Amino acid sequence: LPADPGRGGRGGDGTVRIEAIELRRVDIPLVTPFRTSFGTQDTRDCVLIRVVTDVGDGWGECVTMPWPLYSAESSDVVIPIVSAHMAPRLLGVDGIGPRDVARLLAPIRGHRMTKAGLEAAVLDAWLRAAGQSFASFLGVAVERVPCGVSVGIHDSTEALVETVGGYLDEGYVRIKLKIEPGNDLAPVAAVRRAFGDDVPLQVDANAAYEPGDIPLLRRLDAFDLLLIEQPFDEERLLANVDLRAAIETPVCLDESAISAQVVADAIRLGAVDIVNLKAGRVGGYLEAARIHDLCVAHGVPVWCGGMVETGIGRAANAALAGMAGFSLPGDNSGFDRFYATDIVADPLRMIDGHLRVPTTPGMGFEVDPEAIEAVTVERVLLEAPSG
Ligand code: OSB
Ligand code: MG
């Protein structure tokens with residue numbers, strides 16, 4: 001990435017000063033429970049961040065889940081870690097550009113989803129002041145991105161087939177099935193049987209398998225899947241080398257791919273065919289753009305993942321997914337896949353199996369303050385020391 005300003009090369013080169021950081025823990029009901037191999041989510045419980053700067057406000061979303069089961073981070077640590085360790089490194093500092101947030105927070109290890117939320121909020125304020133869209137900042141040339149949908153584990157194959165049929169009728173162009181030991185071959189076979197071999201289909205194990213399961217996973221080859229996502233524990237890179245040698249289905253990393261460094265190492269080890277890219281998991285949209293570039297340079301296909309984002313993160317993901325190297329449909333669903341109403345005005349809807357790439361200044365949304373207030377369960381305001 002160029003030092004500053006935007007990759008698109010048209011943004012302002014100004015900087016901001018963060019006067020205050022508002023943290024709002026929200027709890028938003030989901031239209032249907034979402035079950036993965038590590039748990040069932042009924043609501044979206046996460047922290048939204050508003051930065052108040054000398055050039056205006058910006059909003060970002062921390063994509064943590066309520067429990068440390070997908071990764072070590074969880075929603076209940078966001079407010080304490082920002083209050084005690086992150087805000088003091090940012091508040092009142094002069095000359096902050098988008099890339100300075102990650103630089104100032106770099107000494108703090110981990111907590112990437114929290115860092116990503118802060119960086120996104122600053123990017124939003126900075127881009128709005130510059131009158132530039134995030135898509136333009138990233139150099140995105142397309143107007144829309146294709147929509148894949150992530151389908152949770154169901155209690156019965158009949159119910160799963162019905163759900164998948166509904167999404168296909170709505171126009172989703174790719175189906176991702178969550179799997180776990182005991183809920184893998186049979187549901188995949190049932191979906192293939194019901195909808196045929198032409199439906200782009202992939203699976204996501206969320207780290208639920210052991211290296212000893214490789215013979216079982218090899219049987220997924222019969223279903224001509226686009227990929228298998230994160231079969232093993234986050235720290236097990238080498239098991240993926242063994243799996244790749246044993247199966248035809250491409251191996252995709254999600255949980256393991258926490259930074260450009262780890263992705264570079266995984267590529268060199270031969271541990272990965274395809275990368276699921278999530279800005280929150282890697283510490284921010286700028287690190288995500290860097291990983292995109294790295295994957296393109298190595299000929300590794302990349303696609304845009306999701307974390308059940310509200311309209312704030314969903315808009316930013318739609319811009320990220322428009323970058324030229326995203327060669328597979330992402331988990332970029334319409335807001336109504338998860339929510340009855342959104343906390344942004346004019347939430348992204350799927351049209352003809354696609355989402356439009358937002359082009360308004362900032363990260364691509366306008367918040368609905370009343371809707372946010374209605375779902376807020378805790379609010380903390382951190383202010384720069386005066387003077
Ligand atoms: O593993 O990709 C995942 C949601 C929450 C946590 C982890 C994952 C997911 C999804 C849903 O699969 C993606 C989405 O549509 O937002
Ligand atoms: Mg995943």
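So, how are the donor residues of the magnesium ion (ligand 2) spaced in sequence? The pattern reads D-x24-E-x24-D. Keep in mind that what we have here is a predicted model.

Let me put names on those letters. Asp-204 and Asp-254 each bring an OD atom to the magnesium ion (ligand 2), and Glu-229 brings an OE. The coordination distances run from 2.0 to 2.3 Å. Now look at where two of these donors sit. Glu-229 belongs to strand 8, residues 228-229, while Asp-254 is in the loop between strand 9 (251-253) and helix 9 (260-269). They are 25 residues apart, and the pair links distant parts of the chain. Are these two buried or exposed? Glu-229 is buried, at 0% relative accessible area, and Asp-254 also counts as buried, at 0%.

Okay, on to the cysteines. How many disulfides does the structure hold? The number is 0. Take Cys-62: its closest cysteine sulfur is in Cys-46, 7.7 Å away, and that is too far for a bond. A disulfide needs the two sulfur atoms within 2.5 Å. With Cys-295, the closest cysteine sulfur belongs to Cys-252, at 9.7 Å, so again it is too far for a bond. Cys-62 is buried, with 0% relative accessible area, and Cys-295 is buried at 0% as well.

Next up, empty space, pockets before cavities. The largest pocket has a volume of about 390 Å³. There are 18 residues lining it, and nearest its centre you'll find Ala-102, Ala-106, Lys-115, Val-282 and Glu-287. Helix 2 (98-105), helix 3 (112-130) and helix 11 (285-297) are the elements that give two or more residues to this lining. Which of the elements gives the most? That's helix 2, with 4 residues. Sorted by class, the lining of the largest pocket has 7 nonpolar, 7 charged and 4 polar residues.

The second largest pocket comes in at about 230 Å³. Its lining has 13 residues, and the closest to the centre are Ser-71, Ala-72, Glu-73, His-111 and Arg-112. Helix 3 turns up here too, since at least two lining residues come from each of helix 3 and helix 10 (279-282). By class, the second largest pocket is lined by 5 charged, 4 polar and 4 nonpolar residues.

Now for the cavities. The structure holds 2 of them at 30 Å³ or more. The largest cavity has about 230 Å³ of space. Of its 23 lining residues, Phe-34, Ser-150, Gly-306, Met-307 and Val-308 are the closest to the centre. If you want to find this cavity on screen, try strand 1 (18-36), strand 5 (148-151) and strand 6 (174-178), the elements that give two or more residues to its lining. Strand 5 gives the most, with 3 residues. The class split for the largest cavity is 8 nonpolar, 7 polar and 8 charged.

And last, the second largest cavity, with a volume of about 130 Å³. It is lined by 22 residues, with Glu-61, Val-63, Ala-279, Tyr-285 and Gly-313 nearest its centre. Strand 3 (56-62), helix 3, helix 10 and helix 12 (311-320) each supply at least two residues. What does this lining look like by class? There are 13 nonpolar, 6 polar and 3 charged residues in it. That's my tour, thanks!

How values were computed: Residues are numbered from 1 along each chain as its sequence is written. Chains are lettered from A and ligands numbered from 1 in the order in which they are written. This is a predicted model: local features need pLDDT of at least 70, side-chain atom pairs count only at pLDDT 80 or more; totals for chains, interfaces and linings use all residues. Side-chain values use heavy atoms; hydrogens and water are left out. Buried means under 20% relative accessible area, exposed over 50%, partly exposed in between (1.4 Å probe, protein chains only). Donors are N, O and S atoms within 2.8 Å of the metal (3.2 Å for Na, K and Ca); water is not among the atoms, so sites may look incomplete. On a 1 Å grid over the protein atoms alone, a cavity is a set of points where a 1.4 Å probe fits but cannot get out, and a pocket is an open set with protein on both sides within 12 Å along at least five of seven lines; lining residues have an atom within 4 Å of a point. Grid points are joined across faces, edges and corners, and a volume is the space filled by probe spheres set on the points. Ala, Val, Leu, Ile, Met, Phe, Trp, Tyr, Cys and Pro count as nonpolar, Asp, Glu, Lys and Arg as charged, and the others, Gly among them, as polar.
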